[in-house]
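Trainee: Could we go through this one together? I'd like to see how each term is earned.

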Amino acid sequence: MSSQDLESLDVEGIRQQFPILQREFDGQQVVYLDNAATTQTPDPVVDAMSDYYRQYNANVHRGIHHLSQEASIAYEEAHDRVAEFINADGREEVIFTKNTTESENLLAYSWGLNELEPGDEIVLTEMEHHASLVTWQQIGKRTGADVKYIRIDDSGRLDMDHARDLITDDTEIVSAVHVSNTLGTVNPVGELTDLAHEHGALSFIDGAQAVPNRPVDVEEIGADFYAFSGHKMAGPTGIGVLYGKQELLEDMEPYLYGGGMIRKVTFEESTWGELPWKFEPGTPPIAEAVGLHAAVDWLEDIGMDRIRAHEQELAAYAYDRLDAEGDVEIYGPEAGSDRGGLVSFNLEGVHAHDLTSILNDHTVAVRAGDHCTQPLHDKLGVPASTRASFYVYNTREEVDKLVAALDDARQLFA
Ligand code: C6P
């Protein structure tokens with residue numbers, strides 16, 4: 001894509017599709033910089049879900065009446081659209097879950113509990129979100145498999161020499177975050193997957209902070225499993241995705257049992273239905289699937305390359321502006337490198353929660369805490385950080401408001 005195409009992003013036009021961004025508190029318009037937690041939902045996505053409830057709300061796969069047929073088609077087509085979006089082979093490889101966390105648990109329970117045993121190793125990175133870290137830790141305890149962590153270096157990148165040492169023939173799965181929700185680091189997930197495969201291990205990639213912000217092609221990465229959430233990509237809450245290679249999913253036991261996922265049930269035995277329904281028992285998130293479909297359409301209409309470029313530009317601008325303050329410690333790779341659209345930092349002498357509260361007085365919404373990466377914060381030597389995270393509707397002026405508000409915090413606390 002040429003730089004001219006990238007420049008033609010109509011941020012003002014995009015903002016018009018988000019009434020929530022026009023909201024004011026105490027006469028100040030909201031500056032929403034908490035997009036890594038959840039993104040806002042544009043009108044076309046809300047409209048698609050409202051249309052579903054107003055026009056064709058019905059349960060799926062169970063009825064032969066018109067409304068159920070329409071709902072079933074919409075639900076199935078949402079799988080096709082997501083498969084196309086991430087370049088999966090088809091709907092069989094796209095399982096709808098509640099969120100990334102449930103996708104990770106599905107894999108860990110369904111594959112991990114059944115396949116792992118003492119002597120096996122699960123290799124994670126030090127920058128994993130609790131969604132994968134805690135889950136694999138528990139599966140390790142229950143199966144006797146060891147959990148190991150690929151170190152990060154001082155720049156917040158993975159130490160790939162350590163990765164090469166750690167991934168061995170004892171490794172059964174390498175589970176790595178694609179883009180760190182705390183550091184913004186973009187990990188070499190293709191390389192990690194290749195390393196896993198060289199040793200006969202599988203790879204799982206946590207794409208919660210990648211799919212919303214950059215083009216993701218699961219075939220190119222080669223990952224065996226890949227997960228993400230609808231609510232971080234302009235879609236609704238209540239829906240997430242687990243991508244898995246079909247032959248692997250075929251061999252896996254279901255994680256949840258019930259209606260909608262079976263082929264034949266007797267008083268003694270049950271057999272499972274086709275993919276992906278085998279992993280989607282009970283009434284699924286139908287309206288949310290319709291919303292996710294609309295969100296994918298909306299994102300692709302803008303262009304994932306453009307979204308990535310816009311966010312990188314804003315993250316670099318925020319990094320440079322914060323860095324220039326002199327009393328701000330920023331975590332993760334420096335500006336200008338391939339970085340996710342977020343910046344985590346601490347202002348000298350001010351606790352992240354206090355800073356975030358002062359920013360809120362200026363209607364700047366950011367997140368304070370450990371961002372569900374406690375071990376990583378321990379490693380960074382801080383209990384918490386403040387994180388500004390950007391999306392396609394954010395502007396430089398909003399970053400300026402964030403930086404300007406730091407003075408209040410200095411006056412009160414420093
Ligand atoms: N991070 C944040 O950073 P859920 O909540 O299941 O939709 O997503 C979990 C998750 C998994 N992996 C990564 C890399 C994530 O960033 C997240 C969610 C949010 O603010 C909430 S802690």
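Mentor: Gladly; let's start at the ligand. A side-chain N or O atom of Lys232 lies 3.1 Å from a nitrogen atom of the ligand. Keep in mind that this is a predicted model, where local features need pLDDT of at least 70, side-chain atom pairs count only at pLDDT 80 or more, and totals for chains, interfaces and linings use all residues. Residues are numbered from 1 along each chain as its sequence is written, and side-chain values use heavy atoms, with hydrogens and water left out.

Trainee: What makes the Lys232 pair a polar contact?

Mentor: A polar contact with the ligand is a pair of N or O atoms within 3.5 Å. At 3.1 Å, the Lys232 pair fits, so the term applies. His231 has a polar side-chain atom 2.7 Å from a ligand oxygen, and Thr100 has a polar backbone atom 3.4 Å from an oxygen of the ligand.

Trainee: Why is the link between Glu126 and Lys379 called a salt bridge?

Mentor: The term asks for a side-chain nitrogen of Lys or Arg within 4 Å of a carboxyl oxygen of Asp or Glu. Glu126 and Lys379 meet at 2.8 Å, N to O, so they qualify. Between domain 1 and domain 2 the count is 2 salt bridges.

Trainee: Where do the bounds of domain 1 and domain 2 come from?

Mentor: They come from an automatic or database domain assignment, which gives 3–39 + 303–412 for domain 1 and 46–300 for domain 2.

Trainee: How many residues of each domain are in contact?

Mentor: With contact meaning heavy atoms within 4.5 Å, 36 residues of domain 1 touch 33 of domain 2.

Key. Polar contact = N/O pair within 3.5 Å; in protein donor to acceptor, adjacent residues only side chain to side chain.
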